[in-house]
Amino acid sequence: SPSNMGQNFFWLCLIPACSSNASLFACDSVSTAILDAFAALGVAPERVDLLPLAPDTHTHLATYGQVDIALDSWPYAGTTTTCEAMFMGVPTVTLTGGVHAHNVGASLLSRVPLAKDLIVGSVEEYVEKAVSLVADLVGEERWVVSKEKIEALDRRRAGMRASMEGSPLMDGKTFVEALDEVYQQLWCDW
């Protein structure tokens, strides 16, 4: 079950369906462990690109240019990395669950118009959504990358930052005003 296997479960389902490699941010101290985990899942090391940690924020954010689709972590959904990916134009697929830690990504994506359709409720939907962003299902289990899907992904990527910037997620003024009202009400109730 996904709760027992965490993120490895998704990779096990996704890698065979994709013709491309998996890319992950990884520091040197965990690189071997990551490659070993993938090997245990039957994924050859040459199918895993480990991107080194960048020396500064600018270089780190520029690395997202090498990423086609981000997979939100599970069972603890991302926060900073999810926002960074969206801000850099990378669509992020996230899975909802039964507790707060599962739903942070969904909370973020639900506020960004171009990201709302990337929130899914099952492992099967997670795999299908991630692969379907770049490929079409041909037959029962074979996915083929299509020009139309790549063009649609490019359009989504081109609009993702503006979608995020114009969303409630980045409307700090309105958020602070609403928070201030809550504080005032709490003070009055006290």
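Helices α5 and α8 are oblique to each other in this predicted model. Their axes come within 7 Å and cross at roughly 120 degrees. That angle lies outside the 65 to 115 range for roughly perpendicular and is not over 145, so the pair counts as oblique.

**The α5–α8 contact**

From α5, the residues involved are Cys83, Met86 and Phe87. They meet Met160, Arg161, Met164 and Glu165 of α8. By class, this contact has five nonpolar and two charged residues, with no polar ones.

**Helix α5 and its surroundings**

Helix α5 covers residues 80-87. Its buried residues are Thr82, Glu84, Ala85 and Met86. Met86 is thus named twice: among the buried residues and in the contact with α8. The buried residues of α5 pack against the elements below.

| Element packed against | Residues |
|---|---|
| α4 | 57-63 |
| β3 | 70-71 |
| β4 | 92-95 |
| α6 | 100-109 |
| α8 | 147-165 |

Just after α5 comes Gly89, with a positive phi of about 85 degrees.

**The second largest pocket**

The second largest pocket holds about 150 Å³ of space. Its lining consists of Arg111, Pro168, Leu169, Asp171, Gly172, Thr174 and Phe175. By class, three of these lining residues are nonpolar, two are polar and two are charged. Arg111 and Asp171 are the charged pair, because Arg and Asp both count as charged. Gly172 and Thr174 are the polar pair, with Gly counted as polar. Pro168, Leu169 and Phe175 make up the nonpolar part.

Conventions: Residues are numbered from 1 along each chain as its sequence is written. This is a predicted model: local features need pLDDT of at least 70, side-chain atom pairs count only at pLDDT 80 or more; totals for chains, interfaces and linings use all residues. Side-chain values use heavy atoms; hydrogens and water are left out. Buried means under 20% relative accessible area, exposed over 50%, partly exposed in between (1.4 Å probe, protein chains only). Helices (H or I, at least four residues) and strands (E, at least two) are DSSP runs, numbered from the N terminus. Contact means heavy atoms within 4.5 Å. On a 1 Å grid over the protein atoms alone, a cavity is a set of points where a 1.4 Å probe fits but cannot get out, and a pocket is an open set with protein on both sides within 12 Å along at least five of seven lines; lining residues have an atom within 4 Å of a point. Grid points are joined across faces, edges and corners, and a volume is the space filled by probe spheres set on the points. Axes are lines fitted to C-alpha atoms, for helices over the stretch in contact, and angles run from 0 to 180 degrees between N-to-C directions. Angles under 35 degrees count as roughly parallel, over 145 as roughly antiparallel, 65 to 115 as roughly perpendicular and the rest as oblique.
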